[in-house]
Amino acid sequence: MFFYVYLICTINSKGNLISYVGYTNNVKKRLSFHNQGKGAKFTRGRRWKLLYKKRFLTKKKAMQFEYVLKKDRIKRNKIKSRF
């Protein structure tokens, strides 16, 4: 089984791009949950698009990279700028 770190984005009411980072073992299902309002509290009520995902062999490695990506705004912005 693989684990994925993903970055999803949407536009808020002020026209700014906002993003969310998470990890899962099923990206399609998780994105569907976010868009149905069943995901993390921050993601409820918005329509999200997947911008980035990276595959890992272990949950531990995925969680470590998720932590790095959440804390490193420069790396997140670099990923967002490619799209």
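Let's start at Trp48, which sits in the loop between helix 1 (27–35) and strand 3 (49–56). The structure you are looking at is a predicted model, and this briefing walks through a handful of its residues, with an eye on charge and burial. One salt bridge turns up in a search of the whole structure, and Glu66 and Lys70 are the residues that form it.

**Trp48 and its surroundings**

- Trp48 has a relative accessibility of 3%, so it counts as buried, the cut-off being under 20%.
- Setting aside neighbours within four places in sequence, Trp48 is in contact with a long list of residues, among them Ile8, Cys9, Thr10, Ile18, Ser19 and Tyr20.
- That list of contacts for Trp48 also takes in Leu31, His34, Asn35, Phe42 and Thr43.
- Ser32 is 16 residues from Trp48 in sequence, and their C-alpha atoms are 9.0 Å apart in space.

**The salt bridge in helix 2**

- Where do you find Glu66 and Lys70? Both belong to helix 2 (residues 59–71), and they are four residues apart, about one turn of the helix.
- In general, side chains of opposite charge can pair when their charged atoms come close.
- For Glu66 and Lys70, the closest N and O atoms are 3.2 Å apart, and the pair counts as a salt bridge because the cut-off is within 4 Å.
- Are the two partners buried or exposed? Glu66 counts as buried, at 11% relative accessibility, whereas Lys70 counts as partly exposed, at 40%.

**Glu66 and Gly22**

- Beyond its neighbours within four places in sequence, Glu66 is in contact with Val5, Val21, Gly22 and Tyr23.
- Gly22, one of those contacts, is placed in strand 2 (residues 17–24).
- With a relative accessible area of 2%, Gly22 is buried.
- Looking from Gly22, and again leaving out neighbours within four places in sequence, the contacts are Tyr4, Val5, Tyr6 and Glu66.
- Gly22 and Val5 are 17 residues apart along the chain, yet 5.7 Å separates their C-alpha atoms.

**Arg76, a buried charge without a salt bridge**

- Arg76 is part of helix 3, the helix that spans residues 73–81.
- Which side chain of opposite charge is nearest to Arg76? It is Asp72, 7.1 Å away, and Arg76 is buried yet has no salt bridge.
- Neighbours within four places in sequence aside, Arg76 is in contact with Leu7, Ser19, Val21, Leu69, Lys70 and Lys71.
- Lys70 therefore appears twice in this briefing, because it is in contact with Arg76 and also lies within the 4 Å salt-bridge cut-off of Glu66.

**Exposed residues of helix 3 and a positive patch**

- Which residues gather in a patch of positive charge on the surface? They are Lys54, Lys75, Lys78 and Arg82.
- Lys78, one of the patch members, has its place in helix 3 (residues 73–81).
- Lys78 has a relative accessible area of 56%, so it is exposed, the cut-off being over 50%.
- Ile74 is another residue that lies in helix 3, and with a relative accessible area of 64% it is exposed.
- Ile74 and Thr58 are 16 residues apart in sequence, and the distance from C-alpha to C-alpha is 25 Å.

Technical notes
Residues numbered from 1 in each chain as written. Predicted model: local features only at pLDDT ≥ 70, side-chain atom pairs only at ≥ 80, totals over all residues. Heavy atoms only, no water. Helix = DSSP H or I, 4+ residues; strand = E, 2+ residues; numbered from the N terminus. Buried < 20%, exposed > 50% of the residue type's maximum accessible area, 1.4 Å probe, protein only. Patch = residues over 30% accessible without salt bridge, like charges linked within 9 Å, V, L, I, M, F, W, Y side chains within 5 Å. Areas by Shrake-Rupley, 256 points an atom, 1.4 Å probe, with all protein chains shown as cover. Lys, Arg positive; Asp, Glu negative; His and termini not counted. Charge placed at Lys NZ, Arg CZ, Asp CG, Glu CD. Contact = heavy atoms within 4.5 Å.
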